[in-house]
Amino acid sequence: IQNNKDYNNLRGVFLELLTYGYLERKYKTTDLSKECFVKIDNFKSSKTVDVFARCDLKGFICEWKVSHNNFDASDISNLNEIYFNSYNILSPYIISLSDKLSIMDHLNRIVLNDNSNCIVHLNNIKIICSDNFNDFFKL
C-alpha cells in the first residue's frame, strides 16, 4: 500500500479534508477552498494550495504531505510568494505525518538548494491531534 500512488493520494486528501473541516468549524468562515490557486490583485499563485482559509483580515494557506520527503522547493516557493503578495496576511503552513525534526531537516536541504527564504509554519499530525491543535491555527 505504501508504494501505491492511489493510496498515497487518498491519504493526502483525507488530511486536507481534516484541515479544511477544522478551519471551517473553528473560524465559521465561508471564504474557504481546497486545491485552489490564490489570486491577489494582479498576482496568481504558480501552484495550487491544499487548503485556503480567510477570516477577517487574516488567513491561512496550507500544504499537506503525508511524508516530509514529498515537499519540494516549488511548494515552499509557492507558499512564500503567496505570503509576500498577500502583504503577510495569508500565513503559510506545511503539515506532514512526519516528525518536526525530519520536516525541518528536509526543508533546510531543499530551501538551501532553492536559495529562497523559508517562512512557513510547520507541524505534524501528533500535535494537530493533541489538545494544542486549537492554538496551531491562530489569527
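Two strands count as paired if DSSP finds at least two bridges between them. Keep that in mind as we walk through this predicted model, starting with one such pair: Phe60 stands opposite Ser91 in strand E6. Next door, Gly59 has Leu90 of E6 as its bridge partner. These belong to the pairing of strand E5 (residues 58–65) with E6, which runs in the parallel sense over seven bridges.

E5 has another partner too. Strand E4 (residues 49–55) pairs with E5, this time in the antiparallel sense and over five bridges. Look at Gly59 again: Arg54 stands opposite this E5 residue, while Leu90 is its bridge partner in E6. The hairpin of E4 and E5 has two residues between the strands, and Asp56 there takes a positive phi near 55°.

How well covered are these strands? E5 is mostly covered, with seven of its eight residues buried. For E6 (residues 90–96), seven of the seven residues are buried, so the strand is largely enclosed by the rest of the structure. In a regular strand the side chains alternate between the two faces of the sheet. You can follow that through E6, where both faces are covered: one side has Leu90, Pro92, Ile94 and Ser96, the other has Ser91, Tyr93 and Ile95, and all are buried.

Now for the helix. E5, H2 and E6 make a right-handed β-α-β unit. Helix H2 covers residues 73–85, and its length checks out: at 1.5 Å a residue, its 13 residues should span 18 Å, and the end C-alpha atoms are indeed 18 Å apart. Just after H2, Tyr87 takes a positive phi of about 60°.

Quite a few H2 residues are buried: Asp75, Ile76, Ser77, Asn78, Leu79, Asn80, Ile82 and Tyr83. It helps to recall that an α-helix has 3.6 residues a turn, so residues three or four places apart point the same way. With that in mind, try picking out Asp75, Leu79 and Tyr83 among the buried residues of H2.

Asn78 deserves a stop of its own. This residue of helix H2 counts as buried because its relative accessibility is 2%, and the cut-off for buried is under 20%. What does Asn78 touch, leaving aside residues up to four places away in sequence? The answer is Ser45, Ser46, Lys47, Thr48 and Val49. Lys47 also offers a polar contact: its backbone oxygen lies 3.2 Å from a polar atom of the Asn78 side chain. Val49, for its part, is in the contact list of Asn78 and falls in E4, which covers residues 49–55.

Notes: Residues are numbered from 1 along each chain as its sequence is written. This is a predicted model: local features need pLDDT of at least 70, side-chain atom pairs count only at pLDDT 80 or more; totals for chains, interfaces and linings use all residues. Side-chain values use heavy atoms; hydrogens and water are left out. Helices (H or I, at least four residues) and strands (E, at least two) are DSSP runs, numbered from the N terminus. The expected span of a helix is 1.5 Å times one less than its number of residues. Buried means under 20% relative accessible area, exposed over 50%, partly exposed in between (1.4 Å probe, protein chains only). A crossover is right-handed if, with the strands pointing away from the viewer, the path from the first strand over the helix to the second runs clockwise. A polar contact is a pair of N or O atoms within 3.5 Å; within protein, one must be able to donate a hydrogen and the other to accept it, and residues adjacent in sequence count only if both atoms are side-chain atoms. Contact means heavy atoms within 4.5 Å.
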